[in-house]
Amino acid sequence: MTSRIAPRVLVYALALTGLAAGPPGSVHAAAQGHENHDAKPLALASLVTPPSMNVFRRFTADRARMIEFYGDVLALKPLATLGMPGGSQMSRFQVGTSEIKLTGAAAGRNDKSGAIRETTGLRVFTFFFPDETMVPARFTAHGYAAPAFGVREGGTRGAMVRDPDGQWVELVIAPGGSADTYSQLEIGLTVSDLDKSRAFYREFVGLDELPPVESVLLGTTKYPFRHGTTTINVWSFGKGLPANTYTAGIQYVVSDVALVDERARAHGVTITTPLGNFGAGLRTVWLGDPDGITNYFAQLMRTTQAAGAR
């Protein structure tokens, strides 16, 4: 016998995963059956139900300034704010089918993103825009210095700025693109060992590895890994750098989180938060990549098993 999740809890779980803003059928896909374990193992990326990933960001700056920056200055689409356990809030912004999820840092934490070349972790969010004149105008209208755009790879122009809490943001001007161009989200990771990190995202997560790109703005080689409209860029400036794995991480919405947990244990991947329920409607496992960068996997659970049911 099973009992259905209350509609309010289901909506809350959908919003946490980003499926509330996802494509038609994504909720259904997230609740499908499990992989045939006797068949050839599927790449974990094949379990990701939306055509994208989400990112989360923990901050210590004033919330109003963060909302202004991502909503008014970057002009990202705002989504409903969620109340979180402990009384905190999650502010959410949509990029295509991806979400940027902003929550306040835990009490006593004052971690900052850190310099791109001097700190490992999730260092850069990259957003795409059609017009170079509108972006600086929004920055100056809200009291920020106008971004200094320069030549970037792929025939685009780009600028590096920081959000109010120090997170690096890359602004890319790609005029004449399709709607899909501006629905892209790129996530930049500074890592200590390229071989280990590339193997993690290619072989464990199962993302598509694209040809390397010489980054003009960063002065290094980027190794891109893509799922749908989200690209994870991996680069390195050497070993022995301090790490910041707290302020930002990656979320995957999957159809079988227990399988992710099983694969992580089998491959010796670091599990930072064990498989378990987040409220009544969400089941998650939090993993660390070779540098401890958070990759957490979440499954929407449409029904819960009644106690003692068979």
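In what follows, Ala, Val, Leu, Ile, Met, Phe, Trp, Tyr, Cys and Pro count as nonpolar, Asp, Glu, Lys and Arg as charged, and the others, Gly among them, as polar. The model is predicted: local features need pLDDT of at least 70, side-chain atom pairs count only at pLDDT 80 or more, and totals for chains, interfaces and linings use all residues. Residues are numbered from 1 along each chain as its sequence is written, and side-chain values use heavy atoms, with hydrogens and water left out.

**Exercise 1. Characterise the second largest pocket and the largest pocket.**

Solution.

Step 1. On a 1 Å grid over the protein atoms alone, a pocket is an open set of points with protein on both sides within 12 Å along at least five of seven lines, whereas a cavity is a set of points where a 1.4 Å probe fits but cannot get out; lining residues have an atom within 4 Å of a point. Grid points are joined across faces, edges and corners, and a volume is the space filled by probe spheres set on the points.

Step 2. The lining of the second largest pocket comprises four nonpolar, eight polar and five charged residues. Its volume is about 280 Å³. Of its 17 lining residues, F128, Q184, E186, L210 and T231 lie nearest the centre.

Step 3. Strands (E, at least two residues) and helices (H or I, at least four) are DSSP runs, numbered from the N terminus. To the lining of the second largest pocket, β13 (220-227) and β14 each supply at least two residues.

Step 4. The largest pocket holds about 380 Å³ of space. It is lined by 19 residues, and M84, M90, T103, F278 and W286 are the closest to its centre. The lining of the largest pocket divides into 12 nonpolar, five polar and two charged residues, with at least two residues from each of β2 (54-59), β5 (98-104) and β17 (282-288).

**Exercise 2. Describe the enclosed space in the model.**

Solution.

Step 1. One cavity of 30 Å³ or more is present. The largest cavity has a volume of about 50 Å³.

Step 2. Residues lining the largest cavity include V124, M160, E170, K222 and W235. By class, this lining has five nonpolar, four polar and two charged residues.

Step 3. At least two lining residues of the largest cavity come from each of β6 (121-129), β10 (185-191) and β14 (230-236).

**Exercise 3. Trace the eight-stranded sheet and the helix that packs on it.**

Solution.

Step 1. Two strands pair if DSSP finds at least two bridges between them. The open sheet runs in the order β3-β4-β5-β2-β15-β18-β17-β16, with mixed pairing.

Step 2. At the edges stand β3 (77-83) and β16 (270-278), each pairing on one side only. Direction ignored, neighbouring strands of this sheet are turned by 20° against each other on average.

Step 3. Axes are lines fitted to C-alpha atoms, for helices over the stretch in contact, and angles run from 0 to 180 degrees between N-to-C directions; contact means heavy atoms within 4.5 Å. Helix α3 (residues 63-73) packs on the sheet and touches β2, β4 (89-95) and β5, its direction making about 10° with that of β4.

Step 4. β16 and β17 run antiparallel and are joined by six bridges, with N277 opposite R283 in β17. β17 also pairs with β18 (residues 294-300) in the antiparallel sense, over seven bridges. These two strands form a hairpin with five residues between them, and G292 in the turn has a positive phi of about 80°.

**Exercise 4. Is N295 buried or exposed, and what surrounds it?**

Solution.

Step 1. Buried means under 20% relative accessible area, exposed over 50%, and partly exposed in between (1.4 Å probe, protein chains only). N295 counts as buried because its relative accessible area is 0%.

Step 2. N295 lies in strand β18 and is the bridge partner of L287. Beyond its neighbours within four places in sequence, N295 is in contact with F200, Y201, I250, Y252, V285, W286, L287 and D289.

Step 3. The C-alpha atoms of N295 and V205 are 9.4 Å apart, although 90 residues separate the two along the chain. In β17, six of the seven residues are buried.

**Exercise 5. Place D261 and determine its burial.**

Solution.

Step 1. D261 belongs to helix α6 (residues 257-266).

Step 2. D261 is buried, because its relative accessibility is 8%.

Step 3. Not counting residues up to four places away in sequence, D261 touches I271, L275 and V285.
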